[in-house]
Amino acid sequence: MKKATIIFGSTTGNTEAVANKIAETMQGYDVQVVYVTDVKDDSVVAESDLVLYGCSTMGLGELQEDFIPYYQDRMTPALLKGKNVAVFGLGDKENYEDYFCWAADILSKKVTECGGNLVCPVLKVDGEPEDNTDAVVAWASGL
């Protein structure tokens, strides 16, 4: 069976909830869900057939604080070149329309700059995860 790893950052638990919903929806993969600060080495990515990155947008279009060290230090061409990757993000379109899900866009740009293969369009979740279950399940089913 193929192996997938979901690496997420979460302050309020919403991104974690989406990561877990994706994991339970994915078919044909042995899926592990890992909080970004618990990724201690690159083996979790290197050993996966598919890597998913998930992060909420904070402030005016920034990555969550917990994801920044991983983004800066670990997301490299040596790790991601040729790797199949999917990205999802959470945001608040009503209050931050100009910065909606920019963290997901930042991550997807870094993946492509590092030579990773984005296997699908970025999933952008607006508001509460439970209000977006159908969109999350549809996206995850296509992986």
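**View 1. F88 of β5 meets L123 of β7.** The bridge partner of F88 in β7 is L123. The view comes from a predicted model, as do the others below. Strands β5 and β7 run parallel where they pair, and four bridges join them. β7 covers residues 123-126, and its side chains alternate. L123 and V125 point to one face and are buried. K124 and D126 point to the other face and are not buried. In a regular strand, side chains alternate between the two faces of the sheet.

**View 2. The largest nonpolar core.** This core has 23 residues. I7, Y53, F67 and Y70 have the most contacts inside it. Two or more residues come from each of α2 (43-46), β3 (50-58), α3 (68-73), α4 (77-80), β5 (84-91) and α5 (102-113). α5 gives the most, with four residues. Nonpolar side chains tend to be buried together in soluble globular proteins.

**View 3. Another core, apart from the largest.** Apart from the largest core lies another, of 21 residues. Among them are I6, V18, A86 and A140. V18 is also one of the buried residues of α1.

**View 4. Helix α5 and its two sides.** α5 has 12 residues. From first C-alpha to last, the helix reaches 16 Å, close to the 16 Å expected at 1.5 Å a residue. Its residues A103, A104, L107, S108, K110 and V111 are buried. These residues are on the same side of α5, because they cover an arc of only 160 degrees around the axis. The cover over the buried residues of α5 includes β3, β4 (62-63), α3, α4, β5 and β6 (117-118). The face turned away from the buried side carries the exposed residues K109 and E113. Just after α5, G115 takes a positive phi of about 90 degrees.

**View 5. A salt bridge within α5.** Which residue does K109 meet in a salt bridge? The partner of K109 is E113, with an N to O distance of 3.9 Å. E113 and K109 are four residues apart in helix α5, so about one helical turn separates them. An α-helix has 3.6 residues a turn, so residues three or four places apart point the same way. E113 counts as exposed, at 52% relative accessibility. K109 is exposed too, with a relative accessible area of 52%.

**View 6. K3 and E47, joined across the chain.** The count of salt bridges comes to five. In one of them K3 pairs with E47, the closest N and O atoms being 3.6 Å apart. The pair links distant parts of the chain, with the two positions 44 residues apart. K3 sits in strand β1, and E47 in the loop between α2 and β3. K3 is partly exposed, with a relative accessible area of 23%. Side chains of opposite charge can pair when their charged atoms come close.

**View 7. D42 and R74, a loop-to-loop salt bridge.** D42 forms a salt bridge with R74. The closest N and O atoms are 3.1 Å apart. This pair, too, links distant parts of the chain, 32 residues apart. D42 is in the loop between β2 (29-35) and α2. R74 is in the loop between α3 and α4. How accessible are the two partners? D42 is partly exposed, with a relative accessible area of 32%. R74 counts as buried, because its relative accessibility of 19% is under 20%.

**View 8. T5, buried in strand β1.** T5 lies in β1, residues 2-8. Its relative accessible area is 0%, so T5 is buried. What surrounds T5, leaving aside neighbours within four places in sequence? T5 is in contact with Q32, V34, V44, S48, L50, V51 and L52.

**View 9. Helix α1 and its buried face.** α1 spans residues 14-25, 12 residues in all. From first C-alpha to last, α1 reaches 17 Å, close to the 16 Å expected at 1.5 Å a residue. The buried residues of α1 are T15, V18, A19, I22, A23 and T25. They fall within an arc of 170 degrees seen down the axis of α1, so they line one face of the helix. They pack against β1, β2, β3, β5 and α6 (133-141).

Terms used
Residues are numbered from 1 along each chain as its sequence is written. This is a predicted model: local features need pLDDT of at least 70, side-chain atom pairs count only at pLDDT 80 or more; totals for chains, interfaces and linings use all residues. Side-chain values use heavy atoms; hydrogens and water are left out. A nonpolar core is a set of buried Ala, Val, Leu, Ile, Met, Phe, Trp, Tyr and Cys residues joined through side-chain atoms within 4.5 Å. Buried means under 20% relative accessible area, exposed over 50%, partly exposed in between (1.4 Å probe, protein chains only). Contact means heavy atoms within 4.5 Å. A salt bridge is a side-chain nitrogen of Lys or Arg within 4 Å of a carboxyl oxygen of Asp or Glu. The expected span of a helix is 1.5 Å times one less than its number of residues. The arc is that of the directions from the helix axis to the C-beta atoms. Two strands pair if DSSP finds at least two bridges between them.
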